[in-house]
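The following exercises are to be worked with the sequence and the structure at hand. Each task is followed by a solution in steps.

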Amino acid sequence: MLEIKNLHVEIGGKEILKGLTLSIKAGEVHAIMGPNGSGKSTLSYVLSGREGYEVTQGDVTYYGERLVDMLPEDRAAKGIFLAFQYPLEIPGVTTMNFLRTAYNAQAKARGDDELDAASFLRLVREKADLLKVSSDMLKRPLNVGFSGGEKKRNEILQMALFEPKLAILDETDSGLDIDALKLVADGVNALRAPDRSMLVITHYQRLLDYIVPDFVHVLAGGRIIKSGGKELALELERDGYESIVSSAA
Amino acid sequence: MPLKPMSVQPTQKQTTLRVAASQGDIEKPYLDACERVLAEGVRESDWLKAHRREGIERFKAYGFPHRRVEAWKFTDLRPKMKEQFNLVRGQETPQHVVVTPFDETPSYRLFINDGVFESALSSVPKQNGVEIVTLRQSGQDLPAWVKDQLVSTASLSSGPMLELGTALMRDGLFIYIAEGTVLDRPLHVIFQTTSETAQYHTRLSIVLEKGVEATLLESHVSANGQASFHNQATQIQLGEGAILRHISVEATHKENLHVTSLNARLAQSASYTAMSAVSGGALVRTEAKIMLEGAGARTNLSGVYMLVETQHCDHTIVIDHAAPNCTSRQVYQGVLTESARGVFQGKVVVAKGAGGTDAHQLSRALLLSDKAEADAKPELEIYADDVKCSHGATIGELDREALFYLRARGIPLGQAKSLLIEAFLDDVVEGAADEVLSAPIKNHISNWLKEHEAQIIQEGHRP
Ligand SMILES: Nc1ncnc2c1ncn2[C@@H]1O[C@H](COP(=O)(O)OP(=O)(O)O)[C@@H](O)[C@H]1O
Ligand SMILES: [Mg+2]
């Protein structure tokens, strides 16, 4: 479903991704691990269409369609979802209003029925309870004054609502204590499905104890330098990035 | 009438630079019109004619405002005044009554068409303690309190536009509410422009006696697509502990000129809350002077503006803290796109002896295009000790990261921008009015955003 071939990406003239190749099939869970600054978030932003990221070489296709020139909102409507490493705070827009606006915008773009306030409320309540997102949180401005854990749960709530085909989780584990991590991981695992692929980006192996990947890739210096099964994550944990980066070089 | 006029102080001379040299060409047609009005004003008392004559003479001395005059630094009215605006003569009840944002709000409608009060389209409150007088109906024999209002307006708001208005005003609406009177609904003054290429000069005056609480809604709409010129003067006088909420919407056609001179005087513990929303007009300017004359008086002024094309909106405000322990707030926020321009000049003057003053002003503008412009000039002039004053001004763009977040959730660019703009503007509206009064304004903003989505999007944010 997702083919990334020899992807080179520049930000402000500086090359960050330097020939990244990755192929993900429907239903697979891929983990990307790598040191800070290796380009993990850059990859997630390029896939979701953030401005300022220039693809200078290579290509990305999603279900056979070129992704690079597609607007972010169109990608979202086609099922690409990014759980942000740092979810944005938006004062003045209540979480509930935001969720419904987004849900209906995607539905409209796909030609599906939009939901009225009452039906949408029912849908949200059902999903929010599982992630312990309180109705008070839903009434507050989006992410404003939310704790780190609340922000991440809110991201996963959105994933549950929008039911994407490709979910990219960018360091969803960062800043979470173990209980919060389990809650979020349970939420993600509940969404594993044969037609839903995931790209789980993390710096630490810990998250992968809970969200067990089919494949693990090591990203360093803007390229994938090593790929393997879930045991690669344990190897990284044991030996550190240094040894893998140097042995691959 | 039990009104004891507050002592009228001599006009605090603003920088009234006289521009006699350039006077002439632009002013001449207006001065000719003044003479005609005076000659024809048969149904007016000698007192009113003399009052108009004073206006003419003072306007002659002033000339139209120049940008060299501090208060007009950012707004150039002179070129606009070269257009030939017709003085509307006869009175015809309009065929068509335009919708206003407050049509769903229960109110007493006071309808002014082309500057003339239309009793057939109005619902005047009929109860003891409420007096409503119009210049046209009572011009031959004005009650003393109306004369007092005219005199204080002339004295407190003096300036070229006010004087021109004194000379040319077609009508005026004067409202007096006596102590102990309770109005069950807001008053809603509607100014509609019907005649094409018209100029009209109006007066609106409201006096609330001690302890009276009232809400004044004001709508400006047009029934045609032609340029018109409305020169308005508003006089507000609040007795001890009186409370006035004043909410206005400028939604006229985008060719309109609308200039307002507003003066408010507050006695001890009185409270004046004003909130304006400007989305119409080619040039809309409000020059307000709020005089906190009694201890503990409070004023809360706020405004939102939404401008496209070459629309120009100017708020120039002076707050005079003349007594101790008064509070003032100014919050003006606007969004500008294409080549629109927004101006905020806010001056707080704290007189000697006005200790315990608490004054804040804030101006924030969102620019959606490179050609849009915002000017902010907050000023403080403090002659007292023990005061708390602050001001802030920001000019910025929409938060690009927030926009990306919304778009990454499937919300298209135009809708994402609208959502952020709406949050920015609603914040001001919610801070100024309760739900009943803020809802119509929020609707107005929301409708404006829907109608102007293309202009809001402007340059596409291609990834
Ligand atoms: N907006 C930007 N402008 C310039 N350099 C950037 C920008 N964003 C990220 N970078 C640089 O790109 C590299 C990769 O960043 P990032 O993708 O955030 O790494 P990771 O998520 O793996 O920690 C880093 O060297 C970072 O400094
Ligand atoms: Mg990162």
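**Exercise 1.** Determine whether A:Gln85 is buried or exposed, and identify the protein donors of the magnesium ion (ligand 2).

*Solution.* Step 1: A:Gln85 has a relative accessibility of 12% and therefore counts as buried (buried means under 20% relative accessible area, exposed over 50%, partly exposed in between, with a 1.4 Å probe and protein chains only). The model is predicted: local features need pLDDT of at least 70, side-chain atom pairs count only at pLDDT 80 or more, and totals for chains, interfaces and linings use all residues. Side-chain values use heavy atoms, without hydrogens and water; residues are numbered from 1 along each chain as its sequence is written, while chains are lettered from A and ligands numbered from 1 in the order in which they are written.

Step 2: The donors from the protein are A:Ser41 (OG) and A:Gln85 (OE1), at 2.1 to 2.4 Å from the ion (donors are N, O and S atoms within 2.8 Å of the metal, or 3.2 Å for Na, K and Ca; water is not among the atoms, so sites may look incomplete).

Step 3: A:Ser41 belongs to helix α1 (residues 40-48) of chain A and A:Gln85 to the loop between β6 (80-83) and β7 (90-94) of chain A, so the pair ties together parts 44 residues apart in sequence (helices, H or I with at least four residues, and strands, E with at least two, are DSSP runs numbered from the N terminus).

**Exercise 2.** State the strand order of the open sheet of six strands in chain A, and describe the place of β6(A) in it.

*Solution.* Step 1: The order is β6-β9-β10-β3-β11-β12 (chain A), and the pairing is mixed (two strands pair if DSSP finds at least two bridges between them).

Step 2: β6 and β12 (223-228) of chain A are the edge strands, each pairing on one side only.

Step 3: β6(A) pairs with β9(A) in the parallel sense over four bridges, and A:Phe81 has A:Ala167 in β9(A) as its bridge partner.

Step 4: In a regular strand the side chains alternate between the two faces of the sheet. From β6(A), A:Ile80 and A:Leu82 point one way, A:Phe81 and A:Ala83 the other way, and all are buried.

**Exercise 3.** Describe how β9(A) pairs with β10(A).

*Solution.* Step 1: Strand β9 (residues 166-170) and strand β10 (residues 197-202) of chain A pair in the parallel sense over five bridges.

Step 2: A:Ile168 stands opposite A:Leu199 in β10(A).
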